Amino acid sequence: MKKNCMLNKKILSLVCLFMLSGCYKMTEYSYLSITFNDSRINSIFLAKYVDSVVNKNLTIPDSINYIFLSGEPLKEQERIIHFKNNPDEWYMINFNAAPCWIETIYCKNLTDTLVNNRTLLGDKEIDRIANRFRTEVINQAEHYGRKQSLPDSILYDVPK
């Protein structure tokens with residue numbers, strides 16, 4: 001009788017363990033991975049432009065830092081950019097791929113948390129985000145470089 005009770009407890013424990021492990025999934029962190037491979041702008045110049053022009057007087061609120069970083073420090077190759085005009089959006093970009101790529105965004109009009117999964121946005125919204133970044137950052141960086149009379153060798157990567 002005692003053996004049957006112990007056996008039943010072990011079986012019940014195993015069943016509970018399998019049920020719990022079946023419900024629990026490790027979720028992989030994903031990124032939007034919006035890239036600008038068709039742009040020839042030099043990523044070193046673009047990073048300097050973002051730091052000195054786009055983010056010149058930018059103060060990132062603690063709430064935005066927490067949304068993107070969850071208390072972790074910003075990596076050296078990452079930047080957070082704020083677009084004030086409608087829609088008000090924050091983009092986390094990364095310069096470890098030329099010229100850069102958009103990791104995640106935060107737009108209160110879309111959701112109360114960051115968006116790091118392309119399927120949550122759809123193709124139309126992905127295109128809007130990419131076009132906004134291209135228009136308001138990449139194109140403006142090129143215009144700024146030409147206005148400052150910088151040589152093309154500073155502005156653009158040479159095709160290989």
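**Nonpolar cores and helix H4**

The largest nonpolar core comprises 28 residues, among which Ile102 and Phe133 have the most contacts inside the core. At least two residues of this core are supplied by each of H2, S2, S3, S4 and H4. The greatest contribution comes from H4, which gives 7 residues. The model described here is predicted.

Within this arrangement, phenylalanine 133 is in contact with Phe36, Ile81, Phe83, Tyr91, Ile93, Cys100, Ile102 and Ile138, when its neighbours within four places in sequence are left aside. A second core, separate from the one above, contains 8 residues, including Ile64, Ile80, Tyr106 and Leu114.

Helix H4 spans residues 123-147 and thus contains 25 residues. The distance from its first C-alpha to its last is 34 Å, close to the 36 Å expected at 1.5 Å a residue. A bend of about 35° is found in H4 at arginine 134. Buried positions in this helix are Glu125, Ile126, Ile129, Ala130, Arg132, Phe133, Val137, Ile138, Ala141, Glu142 and Gly145. The charged residues Glu125, Arg132 and Glu142 are therefore listed as buried alongside nonpolar ones such as Ile126 and Val137.

The packing partners of the buried H4 residues include both strands and helices. The strands are S1 (34-35), S2 (78-83), S3 (89-94) and S4 (101-107), and the helices are H2 (43-54) and H5 (152-155). Just after H4, serine 149 adopts a positive phi of about 60°.

Terms used:
Residues numbered from 1 in each chain as written. Predicted model: local features only at pLDDT ≥ 70, side-chain atom pairs only at ≥ 80, totals over all residues. Heavy atoms only, no water. Helix = DSSP H or I, 4+ residues; strand = E, 2+ residues; numbered from the N terminus. Expected span 1.5 Å × (residues − 1). Bend = angle between axes of the 7 residues up to and from the residue. Buried < 20%, exposed > 50% of the residue type's maximum accessible area, 1.4 Å probe, protein only. Contact = heavy atoms within 4.5 Å. Core = buried A, V, L, I, M, F, W, Y, C linked by side-chain atoms within 4.5 Å.
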